[in-house]
Amino acid sequence: MIQLGSRFFRYAAPRVGSVALNRSFSTNAVRQRNLLTLADLSIPELDALIQRAADFKKTCKQHALKSGAIEHSLQDKTVALIFSKRSTRTRVASESSAALLGGHPMFLAPSDIQLGVNESLLDSAYVISSMVDGIMARVGGHDEIEMLAEHSQVPVINALSSRFHPTQILADLLTLLENISEPGAPLPSLSALVGLKVTWVGDSNNILNDMLVTYPRLGMCLSVAAPKGDAYAPDPVVFDLMNKGLAAERTDLPQGIVEWTHSPEDAVREADYIVTDTWISMGDEASKEQRLIDFNGFQVTEALAKKGGAKPDWKFLHCLPRKAQEVDDEVFYGPRSLVFPEAENRNLKAQLSQGKSYDFNQLVGKVVLIVNTASKCGFTPQLEGLEKLYKDYKDRGLVVLGFPCNQFAKQEPENDDGISNFCMVNYGVSFPIMSKSDVNGANTNEVFKFLKHEKPGFLGFEGIKWNFTKFLVNKEGKVVERYSPTTKPDAIAADIEKLLQ
């Protein structure tokens with residue numbers, strides 16, 4: 001039932017006894033199982049998926065992505081990544097995950113294929129699915145992913161559509177379970193989330209929609225604060241799917257509650273977690289000015305949480321990229337923020353030369369200079385300048401990371417131990433040096449995939465041309481500049497100074 005009040009309406013999930021309705025899983029004519037929304041998964045399936053993801057993550061951290069550490073379940077299989085919308089975290093996570101599992105990720109951007117130009121989505125679904133083993137698609141309208149799934153001969157995963165974003169909520173659920181678990185203890189099951197209150201302060205969008213079809217089934221309270229107006233109203237299709245899921249689920253979990261209000265202060269009362277996202281999604285740019293007016297008073301701050309009565313130990317999540325009007329720096333970079341562990345659960349890692357994984361969570365709020373290095377290159381003396389930058393600015397928040405690479409004229413022949421020793425003895429390098437890896441080609445490390453995609457070079461060319469190409473990343477994780485190998489470290493000092501202010 002729905003109870004209307006002066007400030008919000010509350011939906012209490014109906015109790016289900018021994019009778020369960022038929023679930024409506026996403027399948028196509030050949031009965032191929034797809035994942036278009038987390039509503040397609042039962043709670044046991046969802047729990048098993050989260051536990052498996054946690055096992056993968058633990059193995060990666062312990063074995064530093066060494067060959068054979070992860071079962072190659074995608075060995076000799078090709079996964080088509082059809083992205084009609086730009087992406088950073090989802091693209092990096094998709095490509096690196098497929099490769100980690102032994103598969104071949106094939107990235108297909110609009111400029112790469114005929115989709116939407118000379119070939120319909122229907123024809124593309126038939127053709128592409130006949131040549132690959134799976135499809136992950138990031139599309140515009142949700143009808144596009146539905147059509148793709150309906151006519152594909154292989155499984156289709158929704159990497160984002162206008163209505164749902166299931167992979168983001170999978171990352172969020174793993175983050176929540178990690179946050180409440182004891183260090184070193186096994187990850188608890190989803191039943192550990194029963195009774196927790198998650199508050200969404202923001203737009204009525206695809207991320208919220210996947211929360212709605214998932215969190216109430218887990219016995220969680222989901223409180224939504226969205227502006228007034230038709231543009232921010234609940235999606236009736238989503239609420240219908242939520243109701244069907246609640247009625248069909250065979251579970252001993254207690255019922256969840258959904259609250260919907262236009263007051264952020266009301267929504268955050270007794271909140272365990274506060275979540276927000278962009279106010280202007282891709283496709284909403286034309287209404288940006290009006291949306292900024294509509295969202296006045298919706299910025300997540302310590303003051304808002306305190307005034308509304310959130311729990312003293314509340315935590316914050318944001319799927320990124322973030323804009324300052326959505327959440328202030330105090331919350332975003334403060335101890336309440338789970339943003340970067342949340343992003344990590346969408347998979348960005350690097351390996352240190354000592355064989356350990358480098359924890360990118362320590363880069364929160366830092367300015368980072370990343371360089372592909374080599375010990376036998378004409379630019380190798382730049383290591384001295386990079387070390388000087390590091391020493392001059394590290395106390396103010398600069399981190400320098402070196403990524404040795406042997407792809408350019410075989411100018412890095414040493415092993416990891418030899419590289420670290422060379423850098424320290426000859427140039428006094430004290431900043432972190434990663435394990436030797438590729439920066440171009442099929443085996444490009446995840447960090448450089450991200451950097452090149454975010455900041456292409458001349459004429460949009462993403463590839464690294466030579467050793468000592470440099471990328472400067474600001475405190476919010478945005479790649480703000482790409483420097484050629486000929487740019488000396490001291491010439492970058494002024495740019496670093498500006499970002500540290």
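## Getting your bearings

A residue is called buried here when its relative accessible area is under 20%, exposed when that area is over 50%, and partly exposed in between, using a 1.4 Å probe and protein chains only. By that yardstick, buried residues make up 53% of the 501 residues in this chain. What you're looking at is a predicted model, where local features need pLDDT of at least 70 and side-chain atom pairs count only at pLDDT 80 or more, while totals for chains, interfaces and linings use all residues. Residues are numbered from 1 along each chain as its sequence is written, and side-chain values use heavy atoms, with hydrogens and water left out.

The chain has 16 helices and 17 strands; these are DSSP runs numbered from the N terminus, with helices being H or I over at least four residues and strands E over at least two. Now for contacts, meaning heavy atoms within 4.5 Å. Take those between residues at least 6 apart in sequence, and 72% of them join residues at least 24 apart. The chain's accessible surface is about 22500 Å², and carbon and sulfur atoms account for 52% of it; the areas come from the Shrake-Rupley method with a 1.4 Å probe, and for residues only the protein chains shown count as cover.

## Two nonpolar cores

A nonpolar core is a set of buried Ala, Val, Leu, Ile, Met, Phe, Trp, Tyr and Cys residues joined through side-chain atoms within 4.5 Å. The largest one holds 66 residues, and Leu 173, Met 211, Leu 212, Tyr 215 and Ile 274 touch the most other members. Helix α5 (residues 166-180) supplies the largest share of this core, 6 residues. Leaving aside residues up to four places away in sequence, Tyr 215 touches Ile 169, Asp 172, Leu 173, Leu 176, Val 198, Met 220 and Leu 222.

Apart from that core lies another, of 25 residues, including Ala 374, Leu 386, Tyr 390 and Ala 493.

## A four-stranded sheet and its helices

Follow the order β15-β14-β16-β17 and you trace an open sheet of 4 strands with mixed pairing; two strands pair if DSSP finds at least two bridges between them. The edges belong to β15 (398-404) and β17 (479-483), each with a single partner strand, so one side of each has no neighbour in the sheet. On average, neighbouring strands here are turned by 15 degrees against each other, direction ignored.

Strands β16 (residues 470-473) and β17 run antiparallel and are joined by 4 bridges. Leu 472 has Glu 481 in β17 as its bridge partner.

Two helices lie across β14, β15, β16 and β17. Helix α15 (residues 446-454) does so at about 110 degrees to β14, and helix α16 (residues 493-500) at about 20 degrees to β16. For these angles, axes are lines fitted to C-alpha atoms, for helices over the stretch in contact, and values run from 0 to 180 degrees between N-to-C directions.

## Loops worth a look

Most residues other than glycine have a negative phi. Lys 410, in the loop between β15 and α14 (416-427), has a positive phi near 50 degrees. Phe 468, in the loop between α15 and β16, has a positive phi of about 70 degrees. Are these two residues buried or exposed? Lys 410 is exposed, because its relative accessible area is 65%, whereas Phe 468 is buried at 0%.

Ser 152 sits in the loop between α4 (142-151) and β6 (156-160), and is buried at 3%. Its C-alpha atom is 5.3 Å from that of Ala 125, 27 residues away along the chain.
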